[in-house]
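Here is a short tour for someone meeting this structure for the first time. Keep the 3D view open and hop from stop to stop as you read.

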Amino acid sequence: MQIQAFPKPLQPHLIPVPRGNLEYACLACRGRQAIDKLLYTCPDCGGVLLIENRDDRFIRNRRGAFWQRLFDYRRLLTEPALQGIFRYHELVAPILSLPDVLYLGEGHTPLIRANPALTRQIGVPFYFKNEGQNPSASFKDRGMACALSYLRYLIRSKKQKDILAVCASTGDTSASAALYAAYLGESIRSAVLLPQGKVTPQQLSQPLGSGATVIEIPGVFDDCMKVVEYLSEHYPVALLNSKNAWRILGQETYAFEVAQALDYQCDRLALLVPIGNAGNITAILAGFLKLARYGLITKLPKIVGVQSRHANPVYKYYLEPVPGRRAFRPMAVQPSVAQAAMIGNPVSMPRVIELVERYNEWSGRRNVFVVEVAEQAIMDHMLLANRNGHIACTQGGESLAGLVRALEEKKIGRRETAVLAATAHALKFSGFQDMYFQNSFPPEFEVRPRKALQNAPRTTGGELPPRPADPAYAGFVERTAAKVARLLKL
Ligand SMILES: *Cc1c(COP(=O)(O)O)cnc(C)c1O
Ligand SMILES: [Zn+2]
């Protein structure tokens with residue numbers, strides 16, 4: 001729709017201009033740093049950073065209802081830079097101008113309501129938010145679109161040139177980083193470090209196809225992360241892991257979209273999200289807090305993080321009810337079907353600790369929880385979801401298993417509605433489905449298939465078709481149809 005056709009009072013605001021004053025805020029020493037350089041940790045104390053807008057008067061000067069309306073109307077614009085996460089430009093990275101914005105089709109993923117049968121079985125109405133419908137088929141594209149737009153801004157403003165972007169990955173970060181870097185072409189090269197044998201073949205094919213340098217390291221994700229952190233401290237490389245606070249800003253849009261899709265009504269709403277490196281839950285907490293601060297929502301939804309028993313350091317941390325007595329202990333992980341979340345030492349843990357506190361405080365009660373689920377439950381619930389029309393990956397299965405657990409533990413009540421993150425597309429993790437169907441999980445996964453959820457192709461047998469012109473062809477069709485009819489018990 002053309003600008004003249006929008007309501008007059010909104011017209012001057014539809015296309016945003018660069019504004020605000022973003023700064024890195026250190027969660028450890030509370031120091032602040034300018035954003036004219038890409039920083040991952042505080043140069044003074046090594047603490048993790050979040051990005052804050054120190055000059056947000058232009059947002060505060062208007063009511064939440066104004067921003068709701070503006071974001072709703074922006075859906076009708078055709079400007080490419082505002083089709084994705086930058087629909088919420090003012091709330092994401094308002095210092096960027098539209099030519100900086102890199103848009104590859106990310107964001108605005110659908111909320112798919114569970115059908116009546118599945119709703120009855122689980123006990124509450126719920127939706128999957130299909131993050132697998134992002135361009136590289138996971139939610140990582142939200143953060144990457146923001147981080148790479150910022151790099152483009154640095155390149156354009158001559159603050160940096162010829163960037164080598166690196167990341168460690170459980171599979172999806174690298175797929176996304178390689179895709180977005182490939183779009184930017186010459187000015188940026190990407191290299192990804194993967195734990196050897198611990199990403200799926202589909203996830204490995206993605207950065208290779210995008211032309212990234214792929215380096216496999218024996219070990220698990222946590223080992224790759226340490227190597228990448230060392231690289232970023234000793235060499236001129238741009239780190240694209242969620243330690244990079246620009247990623248968090250982009251991923252906050254998940255919260256904005258959920259709120260917008262529900263007409264900003266977050267009462268009796270619970271979000272379930274798998275926790276790995278804890279970037280996503282950080283972004284969701286920060287995103288909803290932002291919406292509340294600027295008056296777009298009046299109630300904060302409940303947030304429930306989900307971890308597998310095989311990689312549960314955040315769950316264990318919150319088992320201790322007294323905040324002063326909690327102590328974070330990194331752990332060695334065991335093999336998990338929720339492989340993208342198989343992380344024993346999440347880099348965003350200090351962010352989680354701080355934001356959970358702020359979130360509960362704003363809510364006036366405990367409003368963030370973490371539950372733990374078994375590997376078996378993850379697989380069973382992924383298959384159950386997909387047998388009811390969803391496209392959940394194993395981590396999406398983890399979200400559903402987490403919902404069931406949270407209902408059992410009464411952390412979610414029967415009158416609430418849930419939104420579950422299906423963080424990637426089912427196809428990326430089809431190998432785990434194969435192992436389930438073929439009962440070939442190595443024992444350490446502790447997964448045994450349930451007959452009712454198994455599936456396998458059947459065959460009509462060995463008879464090869466003659467050429468269609470052959471008079472015998474009709475007989476082949478008839479015999480094969482009869483076999484199919486028998487298989488279908490027609
Ligand atoms: C990265 C990832 C996760 C974990 O998210 P964090 O932000 O690391 O907690 C979960 N699911 C999928 C599919 C992922 O790619
Ligand atoms: Zn610091």
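## Ala137 and its unusual backbone

Let's begin at Ala137, which sits in the loop between β5 (126-130) and α6 (140-156). One thing to know before going further: this is a predicted model. The phi angle of Ala137 is near 70 degrees, a positive value in a residue other than glycine. Is Ala137 buried or exposed? Its relative accessible area is 14%, and because buried means under 20%, Ala137 counts as buried.

Asn439 has a positive phi too, about 50 degrees, and is not a glycine either. Look for Asn439 in the loop between α17 (430-437) and α18 (473-487). Its relative accessible area is 47%, so Asn439 is partly exposed.

## The zinc site

Now swing over to ligand 2, the zinc ion. Which residues coordinate the zinc ion (ligand 2)? Four cysteines do the job through their SG atoms: Cys26, Cys29, Cys42 and Cys45, at 2.3 to 2.4 Å. The angles among the four donor atoms run from 97 to 115 degrees, and the site is tetrahedral. Read along the chain, the donors of the zinc ion (ligand 2) follow the spacing C-x2-C-x12-C-x2-C. Cys29 lies in the loop between β1 (22-26) and β2 (32-34), while Cys45 lies in the loop between β2 and β3 (49-53), so this pair ties together parts that are 16 residues apart in sequence.

How accessible are these two? Cys29 has a relative accessible area of 38%, which makes it partly exposed. Cys45, at 39% relative accessibility, is partly exposed as well.

## Around ligand 1

Next stop, ligand 1. How many residues surround ligand 1? There are 13, and the closest are Lys140, Asp172, Asn277, Asn280 and Thr423.

Zoom in and you can pick out individual polar contacts. A polar side-chain atom of Lys140 is 2.6 Å from an oxygen atom of ligand 1. Thr423 also uses its side chain, with a polar atom 2.7 Å from a nitrogen atom of the ligand. Gly276 takes part through its backbone: a polar atom there lies 2.8 Å from an oxygen atom of ligand 1.

## Rings and charges

If you like aromatic side chains, there is plenty to look at. How many aromatic pairs does the model hold? The count comes to 16. One aromatic cluster is made up of Phe66, Trp67, Phe71, Tyr88 and Phe256.

Positive charges turn up over rings as well. Lys129 lies over the face of Tyr254, 5.8 Å from the ring centre. Over at Arg293, the charged end sits above the ring of Tyr294, at 5.5 Å from its centre.

## Buried polar side chains

Try Thr200 next, in the loop between β7 and α8 (201-209). Thr200 is buried, at 6% relative accessibility. What does the side chain of Thr200 reach? It reaches the backbone oxygen of Lys428, at 2.7 Å.

Gln395 belongs to helix α16 (residues 394-408). With 2% relative accessibility, Gln395 counts as buried. Its side chain makes a polar contact of 3.2 Å with the side chain of Thr394.

## Distances along and across

To finish, compare sequence with space for a couple of pairs. Ser190 is in strand β7 (residues 188-195) and is buried, at 10% relative accessibility. How far from Leu487 is Ser190 in space? The two are 50 Å apart, C-alpha to C-alpha, and 297 residues apart in sequence.

Ala481 is part of helix α18. At 44% relative accessibility, Ala481 counts as partly exposed. From Ala481 to Thr460 you would step 21 residues along the sequence, and their C-alpha atoms are 8.9 Å apart in space.

Technical notes: Residues numbered from 1 in each chain as written. Chains lettered and ligands numbered in written order. Predicted model: local features only at pLDDT ≥ 70, side-chain atom pairs only at ≥ 80, totals over all residues. Heavy atoms only, no water. Phe/Tyr/Trp six-rings, centres within 6.5 Å; stacked < 30°, edge-to-face > 60°. Lys NZ or Arg CZ within 6 Å of the ring centre and 35° of its normal. Donors = N, O, S within 2.8 Å, 3.2 Å for Na, K, Ca; no water. Tetrahedral: all angles 85-135°; square planar, octahedral: opposite > 155°, others 65-115°. Helix = DSSP H or I, 4+ residues; strand = E, 2+ residues; numbered from the N terminus. Buried < 20%, exposed > 50% of the residue type's maximum accessible area, 1.4 Å probe, protein only. Near = heavy atom within 4 Å. Polar contact = N/O pair within 3.5 Å; in protein donor to acceptor, adjacent residues only side chain to side chain.
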